[in-house]
There are 6 protein chains.
Amino acid sequence: MAKIVTMGEIMLRLSPPGYQKFIQADNFDVNYGGGEANVAVSLANFGHKTHFVSKVPDNPIGDCAVAALRKYNVNCDFIARGGERLGIYYLETGASMRASNVVYDRAHSSMAEAAAEDFDFDAIFEGADWFHVSGITPAISDGAAAVTELALKAARAKGITVSLDFNYRKKLWSYEKAGKVMTNLLQYVDVCIGSKEDAKYILGMNLSDTDKTGIEAENYINKDIFQRMMDRFGFQCIASSLRESYSASDNGWSACIYDGKEFYRSRKYELRIVDRVGGGDSFAAGLICGLIEERGIKEALEFAVAASALKHTIPGDVNLASRSEVEGLMGGDASGRVQR
Amino acid sequence: MAKIVTMGEIMLRLSPPGYQKFIQADNFDVNYGGGEANVAVSLANFGHKTHFVSKVPDNPIGDCAVAALRKYNVNCDFIARGGERLGIYYLETGASMRASNVVYDRAHSSMAEAAAEDFDFDAIFEGADWFHVSGITPAISDGAAAVTELALKAARAKGITVSLDFNYRKKLWSYEKAGKVMTNLLQYVDVCIGSKEDAKYILGMNLSDTDKTGIEAENYINKDIFQRMMDRFGFQCIASSLRESYSASDNGWSACIYDGKEFYRSRKYELRIVDRVGGGDSFAAGLICGLIEERGIKEALEFAVAASALKHTIPGDVNLASRSEVEGLMGGDASGRVQR
Amino acid sequence: MAKIVTMGEIMLRLSPPGYQKFIQADNFDVNYGGGEANVAVSLANFGHKTHFVSKVPDNPIGDCAVAALRKYNVNCDFIARGGERLGIYYLETGASMRASNVVYDRAHSSMAEAAAEDFDFDAIFEGADWFHVSGITPAISDGAAAVTELALKAARAKGITVSLDFNYRKKLWSYEKAGKVMTNLLQYVDVCIGSKEDAKYILGMNLSDTDKTGIEAENYINKDIFQRMMDRFGFQCIASSLRESYSASDNGWSACIYDGKEFYRSRKYELRIVDRVGGGDSFAAGLICGLIEERGIKEALEFAVAASALKHTIPGDVNLASRSEVEGLMGGDASGRVQR
Amino acid sequence: MAKIVTMGEIMLRLSPPGYQKFIQADNFDVNYGGGEANVAVSLANFGHKTHFVSKVPDNPIGDCAVAALRKYNVNCDFIARGGERLGIYYLETGASMRASNVVYDRAHSSMAEAAAEDFDFDAIFEGADWFHVSGITPAISDGAAAVTELALKAARAKGITVSLDFNYRKKLWSYEKAGKVMTNLLQYVDVCIGSKEDAKYILGMNLSDTDKTGIEAENYINKDIFQRMMDRFGFQCIASSLRESYSASDNGWSACIYDGKEFYRSRKYELRIVDRVGGGDSFAAGLICGLIEERGIKEALEFAVAASALKHTIPGDVNLASRSEVEGLMGGDASGRVQR
Amino acid sequence: MAKIVTMGEIMLRLSPPGYQKFIQADNFDVNYGGGEANVAVSLANFGHKTHFVSKVPDNPIGDCAVAALRKYNVNCDFIARGGERLGIYYLETGASMRASNVVYDRAHSSMAEAAAEDFDFDAIFEGADWFHVSGITPAISDGAAAVTELALKAARAKGITVSLDFNYRKKLWSYEKAGKVMTNLLQYVDVCIGSKEDAKYILGMNLSDTDKTGIEAENYINKDIFQRMMDRFGFQCIASSLRESYSASDNGWSACIYDGKEFYRSRKYELRIVDRVGGGDSFAAGLICGLIEERGIKEALEFAVAASALKHTIPGDVNLASRSEVEGLMGGDASGRVQR
Amino acid sequence: MAKIVTMGEIMLRLSPPGYQKFIQADNFDVNYGGGEANVAVSLANFGHKTHFVSKVPDNPIGDCAVAALRKYNVNCDFIARGGERLGIYYLETGASMRASNVVYDRAHSSMAEAAAEDFDFDAIFEGADWFHVSGITPAISDGAAAVTELALKAARAKGITVSLDFNYRKKLWSYEKAGKVMTNLLQYVDVCIGSKEDAKYILGMNLSDTDKTGIEAENYINKDIFQRMMDRFGFQCIASSLRESYSASDNGWSACIYDGKEFYRSRKYELRIVDRVGGGDSFAAGLICGLIEERGIKEALEFAVAASALKHTIPGDVNLASRSEVEGLMGGDASGRVQR
């Protein structure tokens, strides 16, 4: 059981039941989540000792967010309390060719306005094995970006393994701004989760050409750009989930990973989607879990893909698939047969 | 922003939640809708000034129906109040190979028993650009058929473009009765929405033979019958949605249109169905929207097909897909990717 | 209208709404069901005079179970009242590659602890045409196994046709124990529902080899093992449903039957699943219905497969598809078109 | 266990959840009930063999009404199937000084249009001990009034005890019409449930003056008018529930009875109301139960008042309070203490 | 039918169902409301032509707020679209001695940041008879206070009657700040709704002493302070609702009014509370309705008190009691008897 | 912040929504609670470091129970996992004169069958300040009674303050059995919560006579019996909540305490009940909180009574009233006024 720390914003998610449009809803389903919070829940669910670092308002809505994490065994001792409000995102769930629609109302949140003095990184990283953050946190405000760098520096100073998931959100910042900030932060990162599109649009790196076609071309391009990213930032490994969006209801789901030696592409799952929000976060959590348990990059990746495939069948932001469900699926049983 | 008038019955729809059978339900989802009412909501949603003409009882249930339309910005100034009751239809939603089941309880409704004096067509059509009605309204009663003819005459007299959707309902009238009434009404129509089956069974027109096969045969037969319908009734154009019912859960969805010069068949969507009721009405609304905005028949048809494809992903009778969602889908993005 | 008796346990089923995990649920959907109870409801729904024999506690929860059956027209005059508790099973509904998860809490139930004196089989079988039981009942306790044998003897003594569905539940007993008990009980059986896997693992019979491949091999092996089972136990016929579990959301569904003369394999349905619990029970009920109405084994099997295909689209344990829905599907209409 | 027959209309009740106004509701709670149907359920619940006679449409909504009765052990063998529709009533539940609001949509119902040939009263009354009907049934249509008289004559001819509850509904008929019809029907009645207001407004009988005040005056007037009603119609006894409507949330509830010898006024309960619909019907059922079990008029009345007091705490039309709950309350325990 | 304009903020209200605490809620009931929006809905509901002036974001959540008003027939032509977000308030509903708890999240809302150029007061007040605003609007921001003064000036310039409700919210501003702003705004007001506490704490006016006791003292003090407020600001009349908070479940509810000639105190209602939010707004709406229909101050006040008493029995912010329900209650029928 | 340990059973509570009877429910509200678990949640909610000791099955239902506690910040490190099942209780919520009805299904639960080896009391009581248990735990099984004694001895050995709440459940054991077991356990207790009825019926102690009447008599008798209980068992103090059950909807609620020197009777609250389950447990928690914070017995008692009064307004077993809500009510504000 490793000690893992994640840091980021936790938001209130408000979504009309089923496939209703916002305008039809007389009530909203309530969930609490956010990129790194979702990673924390998933890792706690797999049995690791997980801490989530954030700031939420000192009011009952902040209490709700904390309780939602505690329920799933995430340690909340380092969640600062104060500031103005809990960020909100409204989610209208799509189906078939209608995409889900997200309306952000997260400006002025406690985490967006958090500052260095809200966090005691010495205490936070005491005895920690891993620190994870995503590109959402530096995107929400300049202050949050500064706090992120502070955390990364502190983790690095303690020799803690650091993972970062690009998680680019175009409604939060431009490619240009993201490029500048991320380039700085990536120097502290050991395990990077990001796609070739992130490399191209955010880091401004060209994708190479190839005569290959189909999946071979994709693998070739991915391996090449991953190598160059590693060269540039010194990552131990890079992984990317690969989503094929046939529609809002059906997706293909796989991933690839590269550690400078071996490029590995996972099994692919055909997903019938219940809730795709948090799919990427559950992939990150699965990958961290696999790596921290020293399964090797192949098995770690398969664990991550199986875990995140299952996430798509679970309502809400967080992955509640059990370790045994993940391992069963990794082991090849995707039949969905009832056990009784 | 055009002024568009539709006329018909609005009903209370009562449906068990999810896929429950009627006998399992302890509560019914409540929606208010009906062929032409659905068209009105959809057109209002696309930004047009839309009036719905009908009659509903002067009681709280009638108030509910009116409020449901007003919510979506449909002008209800010409809804007469009085009569005995609001028509009802019970809907049990099917899945896979189990079809949805509709039980009508619409006899004696206020609209079925409405009369000429309930409507001031001079005022109703003042400044209007378009009038739409479907074959459901003349089917509900002889009185409603007479009112429909009156409306069509009044619209024609004012030079308003008239569209009519066959919308044949076998639980309401026979092919024979429909044939007699529709033949008379079609003389007032500019834009006709109807299928080759409508032509064959209701208008008694033979479908031509062809050596062609598959989609070419279908196109050939459609174009041919459309030409003969135009010859007979003087339509400006005829359009037909083309549903392939693989099951209650999955349909193919496309359409064709003919204006005497060009026969055009749209892109086809593969639908994962949330609620298929009102699919045809959303097609009619999309077509009217496209034509009134002078997009040309091809683009108008693609707008109609995209709009109605999206309707199938939205619970309830009415299409609440926004103009930008429709145009995004027309533009080719059917990937269902979340925007955030 | 035949008189049909089924005997077994009825349980309270508690399931989180939709695709929630147990840990997310703030309320549970409530259903009452169980193998033979589900058969009884389905047969009553098809119009037969159906009795369910069981024991439930003499408290309000027992009342609920009885009321749930009475609602669907099952005669409950022979349900004994007493004992400690109503058995429970918790059901978490899976989707895509996540299997549904069943947690049993059925030990110490009234039926598990029922004894001979709870049932007056003379009265129960008075005028009965058919008796059905499944392998679940003898599995729940030694006492229930003894009662099952008593019932089978009494039915046989009265010349009533007896059907038995293997319904092996690995969480209830071992193959070894099942083999011993079932071997004894099968001597009283006329119509057997069981798969080649049941024959192999429970009855210890070898499956034959064959050079054939695909469906032909499957048919060959099934016919061969069915012949040997008939030879051994003297069945009139054996039938088996054939589920292909692509995922928790999509299954292929067909069946085969053998009566010593003819081996028949049914049409196959591709299911989009709403609720697969009770699928096998609805197959048994459909088969009994078909045989008791003397449709011949082919039509009886097609009736059973269509009925049980429809069950998969209905929430809860019991099949509420009407006779006309089943016959419509048998007749070839799987299009899911709304009738209106 | 006596055999009791009731006859009347059963309707679909649609009510917004909680205290919502109709216009706020996105779903309606579904209940099935009606004056005499409610009496039947209550008597079945107390353990008597109860039959409900009615006519409902031969469609799934009619099936739902029948299933709702069967669930509570009411025999439905004499419910005719056919006709146009199931009557509906919409119920908006009031609170405090806001009254509940009922909107009827019951015209043209199967029962309203039922005729003599729908019912075989010889079979219906075979072995029956009691027949109950209310003034609602003759009010819904002239045909239903004729059927009511037929039933009353048949019951009388068989020597079955007959009870009738005035249950005047001003939205269904005028005092004048009611007076004419009821005067005729009352000649067949043994046990009458009706108030002094019924006597005054429907039967046109004057209420006597008195110098007494308060409860004594009320008792004096009631006894006097009851005596004159007995003289006129030959009743065995007359009972009346006495509701004090402080508000929609709080009522006083008691009753009085007279058998020509003794006038008895019951204990009074102060009700905190959950659902007051069916309160009168549960009183009638309690009275019938008490009288048929030969408890004497005092105890029968106390049973009826306790039963109907409890009804006011139960959602829906029907009284589901158990015999032991009623007897516990009669015995004086109104403390509401949890038993555990 | 008068034309009435109200201006203010409309918010999203999120409340746990029933009496749940925030931390227990897995879904929130969704309502849209705000002081002046509630007044607008109520006046539209009474049949007046009502306009609501505000600013909401140009996103789907803003659309929802507008649709919620349109549903109840409020004209939304003058709602500006733009800005950052729709204000939110979280409401936890209390019971018995537990108070309801409101958590505001309304900073940075579109209305709080609205400016003069968002509103064309010439067009807005064209043909208007009445303008209403409350003290909440100037409290939400300095900009909103400036817009409020602009609106008041414009209304006054057109000779439109102006009403203002103090509606002091201590979570929004201090007494001191409120005093300064309100003193300025009150110069434009004709009809003032405010309590003696508002006069004392906001306007800094002393309440007079008296030897009287109980209700006489209260009346004396109210009349005296009202006279002095009229002297100071030139009101036509002043009214105040009088709430006695026995508990969160039970309140006494009455009001008083003074027009410089007559001081009148209304009937008092004992309320069993369903939802007390918007109680004061429904009082303001009732008063405006009564005065604009020239009922005289006494009847206008009784209309206002009856209307707002009924509001307390209706879930949500807005009063949906019909004119006939209000007039029935004014006429003395508070019995809550069902009409059927 | 003190460290407090409680030990007992946690159960799944299944209750029909609102005031439905069991037989009406299509879903059950899900809560997890139990006497000492409820105490733990309440103390954690007041900010103390609270541990709950129990045993739950090692399955997903056991996980749910643990998560429910963790959500509210109860430390679950000492909950053993294993055994057969989680105990269940079904709760039908009463209203007015209809009592709530509890059906237990708790036999064979993991806690009932727990043994000494499941608990490491050395670790459990390490650094603890207080240990609390109730009379329910020894009642559920002889094994649980033995474990209770073990725990009490261990706590006493460590000098930890021990509180015990009689919590007599007549459905679990007889007075005689309870008397024998409790007499033994009480020797380890410092703070006793129990009523004069417990003393009389369980401990077999006579209540003294008195000439006093009303509340004075009650106080006299309570003080006298408390003195004798202290003499016999050596308690530091004894407290008793005093419930006056007017009905299931309305109760009077107060308490008394005695420490050998002073007898104090608290303020009395008139409760409008939302959910009375757990009322006694919230009283125990409030008392422990008050005593551990050294408020003195009077203020501790007032804290306990206010806390538990508020519990009655909150759905579910556990008291979620905040410390500030409790202190506000203690301070005299029972007006239920909204704070905004």
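Two strands pair if DSSP finds at least two bridges between them. With that in mind, welcome to this predicted model. In chain A, strand β10 and strand β11 (residues 237–245) meet that mark, pairing in the parallel sense over three bridges. From there we can walk along the neighbouring strands, look at two helices, and then see how whole chains are related.

**Strands of chain A, step by step**

- Let us begin with strand β8 (residues 130–134) of chain A, which runs parallel to β9(A) and is joined to β9(A) by five bridges.
- If you want to find this pairing in the structure, look for Trp130(A), which stands opposite Thr161(A) in β9(A).
- On its way onward, β9(A) is linked by three bridges to strand β10 (residues 191–193) of chain A, again in a parallel arrangement.
- Here Leu164(A) has Cys192(A) in β10(A) as its bridge partner.
- Cys192(A) also has a bridge partner in β11(A), namely Ile238(A).
- The direction changes with strand β12 (residues 250–258) of chain A, since β11(A) and β12(A) run antiparallel and are joined by eight bridges.
- Ser241(A) faces Ala255(A) across this pairing, with Ala255(A) lying in β12(A).
- Four residues form the hairpin connection from β11(A) to β12(A).

**A closer look at β9(A)**

- Is strand β9 (residues 161–165) of chain A mostly covered or mostly open? The strand is mostly covered, with five of its five residues buried.
- Thr161(A), Ser163(A) and Asp165(A) point one way from β9(A), while Val162(A) and Leu164(A) point the other way, and all are buried.
- Together with helix α6 (residues 175–185) of chain A and β10(A), β9(A) makes a right-handed β-α-β unit.

**Two helices in other chains**

- In chain E, Thr183(E) sits in helix α6 (residues 175–185).
- Why does Thr183(E) count as partly exposed? Thr183(E) has 14 C-beta neighbours inside 10 Å, and a residue is called buried at 20 or more and exposed at 12 or fewer, so this count falls in between.
- Thr183(E) and Ile202(E) are 19 residues apart along the chain, and their C-alpha atoms are separated by 8.7 Å.
- In chain F, helix α10 (residues 297–311) has 15 residues, which at 1.5 Å a residue should span 21 Å. The end C-alpha atoms of α10(F) are 21 Å apart, which agrees.
- α10(F) is largely enclosed by the rest of the structure, because 13 of its 15 residues are buried.

**Chains D and E**

- Where these two chains meet, 21 residues of chain D are in contact with 22 residues of chain E.
- The side of chain D that touches chain E is made up of seven nonpolar, ten polar and four charged residues.
- A turn of 120 degrees, with a shift of 0.0 Å along the axis, lays chain D on chain E with an RMSD of 0.0 Å. This is the relation of a three-fold axis.
- Which residue of chain D comes closest to the rotation axis? That is Gly18(D), whose C-alpha is at 5.4 Å.

**Chains E and B**

- Five residues of chain E are in contact with five residues of chain B.
- On the side of chain E, these are two nonpolar, one polar and two charged residues.
- Chain E can be laid on chain B by a turn of 180 degrees and a shift of 0.1 Å along the axis, with an RMSD of 0.0 Å. Such a relation is that of a two-fold axis.
- The C-alpha of Lys71(E) is the nearest in chain E to this axis, 1.9 Å from it.
- Both copies use the same surface, as 100% of the contact residues of chain E recur in chain B.

Conventions
Residues numbered from 1 in each chain as written. Chains lettered and ligands numbered in written order. Predicted model: local features only at pLDDT ≥ 70, side-chain atom pairs only at ≥ 80, totals over all residues. Contact = placed C-beta atoms within 7 Å. Nonpolar A, V, L, I, M, F, W, Y, C, P; charged D, E, K, R; others polar. Least-squares fit on C-alpha atoms with pLDDT ≥ 70 in both. Right-handed = clockwise from strand over helix to strand, strands pointing away. Expected span 1.5 Å × (residues − 1).
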